[in-house]
Amino acid sequence: MARFDTVIHGGTLVTAAETFKGDLGIRDGRIAAIAERIEGGERRIDAGGRLVMPGGIEAHCHIAQESSSGVMSADDYYTGSVSAAFGGNSCFVPFAAQHRGQSIDAVLATYDGRAAPHSVLDYSYHLIVSDPTQTVLHEELPRAFARGITSFKVFMTYDLMNVGDAGLLDILTVAKAHGALTMVHAENNDMVKWMNARLSGAGATEPKYHAVSRPELAEEEAIHRAVCLARLVDAPLFVVHVSTRGGAEIVSREKARGTRLFAETCPQYLAFTRADLDRPGMEGAKYICSPPLRDEATQEALWAHVAGNVFDSVSSDHAPYRFDAGGKFLNGADAPYPKIANGMPGIAARLPYLFSEGVAAGRITLQQFAALSSGNAARIFGLTSKGSLMPGFDADIAIWDPEARRTVRLEDQHDAMDYTPFEGMELTGVPVTVLNRGASVVHEGRLEAVRGQGRFVARAPSGQGPARGYRAPEFEAAARYGVEIAP
Ligand SMILES: [Zn+2]
């Protein structure tokens, strides 16, 4: 009889293709067998009445990261990974952020020091590139690829991060050459600055004006522009945190015409509206994130695009800044909205919210949940041994009680925050056990992980999918004149 370290028995297995009753055997950290019945196992986990799913992959979160204005996120790699695990994740990919003047090598060394000793989950990084110098483009980014960091994010907004259109073209071109994927925060910087100036001139500085200051059109215009830039050089693109109906429609249209485009939305855009920024006093500051929360019609449209597979993933964009002077109110307890730290926590709430409002509410199937929570991120970001319940894959598994109902409480988030925007929400479906490479991280709601047990995962070239082979007619024309400018 084959030896198994762990056997999960009696559960309902969820794969990308189907749902069936069966057992799953784990050996040496990998899924070794899936069968109707598996005997033995040094440890047997009873999954009767439960769903056995690929562990979640959180592909958009900010952990132990300084913002460009110097505020450190509340969660480090220990609390961040623990919170992620309690939320049904077995792997996460936070950002490693380059600020202007920093070398990529130094940034990665810093994040290695923050992550390796502390993470309880396997992890990788997306690089944030804010200073695409020639050295960065031609020496440092290729070195980052070589060690398996195959995606990076750029900003079209924020004066201290925005790389400009030419910078974005340079980065897309380098990324394409290495099989990497460029992620983009798409908002029109000048439109936002113009709105800010008008609002501040009118003395409109309370949190609710944050949502006013970043128009839907700022996102729509920037998504369209980013897609055009990516199409010019035929590079793949991933649009993060789409928050508007118009933005989602651009993504839908471009995907239909074959553009190599990926996109996500986040629970906050499905769950909350700009009315939450108008809570009494400074409570609204808890709901300040960018792009901002919109309205109920937008929620419905975004859900329709989640259900219609326009979005590849639903990510938390966990950006934890506490409701105190070390976080949201670094610039004072009554700071004007542009000086309040941007971001909302939600790494533990992402999947319970998506399961409850998606699967339990009948909007998406279990297969879609598996894809949106894990499988698509694994495929898109080159986590080739994760995201699927298949023999040979890492035993990254989340066991869910699909019937359990729970009210969201701060203490169940297990993060370093002093609030959760989801507080009091009644959700159906609870992740009870999470394994990472076969090792128990959370079991029956108790933390069993050892600090530092997570490993860095070198990722395969990301943003795969067939190159369209598109060549802009202007590149062709230049080539005919004997000049090669095409990437
Ligand atoms: Zn983010």
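Visitor: Before looking at single residues, what percentage of the 487 residues of the chain count as buried?

Guide: In this predicted model, 53% of the 487 residues of the chain count as buried, a label that goes to a residue when 20 or more other C-beta atoms lie within 10 Å of its own.

Visitor: Which radius of gyration would a compact globule with 487 residues have, and what does the chain have?

Guide: The general idea is to set the value of the chain beside the value expected from its length: a compact globule with 487 residues would have a radius of gyration near 23 Å, and the chain has 22 Å, which agrees. For the extent in each direction, the C-alpha trace spans about 65 × 60 × 40 Å along its principal axes.

Visitor: How many helices and strands does the chain have, and what share of its contacts join residues at least 24 apart?

Guide: The chain has 13 helices and 18 strands. If one takes the contacts between residues at least 6 apart in sequence, 78% of them join residues at least 24 apart.

Visitor: How should I read a helix pair such as α8 and α10, and at what angle do their axes cross?

Guide: One reads the distance and the angle together: the axes of α8 (residues 245-256) and α10 (residues 296-307) come within 9 Å and cross at roughly 20 degrees. Because angles under 35 degrees count as roughly parallel, α8 is described as roughly parallel to α10. The crossing of these two helices is left-handed.

Visitor: Which residues make that contact?

Guide: Helix α8 contributes Arg-245, Ala-248 and Ser-252, while α10 contributes Thr-298, Ala-301, Leu-302 and His-305. Sorted by class, the contact of α8 with α10 has three nonpolar, three polar and one charged residues.

Visitor: Turning to the backbone, where is Pro-291 placed, and is the peptide bond from Ser-290 to Pro-291 cis or trans?

Guide: Pro-291 lies in the loop between α9 (267-271) and α10, and the peptide bond that leads to Pro-291 from Ser-290 is cis, with omega near -5 degrees.

Visitor: What is the phi of Asp-317, and what is the phi of Arg-437?

Guide: Asp-317 has a positive phi of about 50 degrees although it is not a glycine, and Arg-437, also not a glycine, has a positive phi of about 50 degrees. Asp-317 sits in the loop between β14 (313-314) and α11 (350-360), whereas Arg-437 sits in the loop between β16 (426-436) and β17 (439-443).

Visitor: Are Asp-317 and Arg-437 buried or exposed?

Guide: Asp-317 counts as buried because it has 26 C-beta neighbours inside 10 Å, and Arg-437 counts as buried with 23 such neighbours inside 10 Å.

Terms used:
Residues numbered from 1 in each chain as written. Predicted model: local features only at pLDDT ≥ 70, side-chain atom pairs only at ≥ 80, totals over all residues. Axes fitted to C-alpha atoms, helices over the stretch in contact; angles between N-to-C directions. Helix = DSSP H or I, 4+ residues; strand = E, 2+ residues; numbered from the N terminus. Parallel < 35°, antiparallel > 145°, perpendicular 65-115°, else oblique. Left-handed = near helix turned anticlockwise from the far one by under 90°. Contact = placed C-beta atoms within 7 Å. Nonpolar A, V, L, I, M, F, W, Y, C, P; charged D, E, K, R; others polar. Rg over C-alpha atoms; globule rule 2.2 N^0.38 Å. Buried ≥ 20, exposed ≤ 12 C-beta atoms within 10 Å, placed from the backbone.
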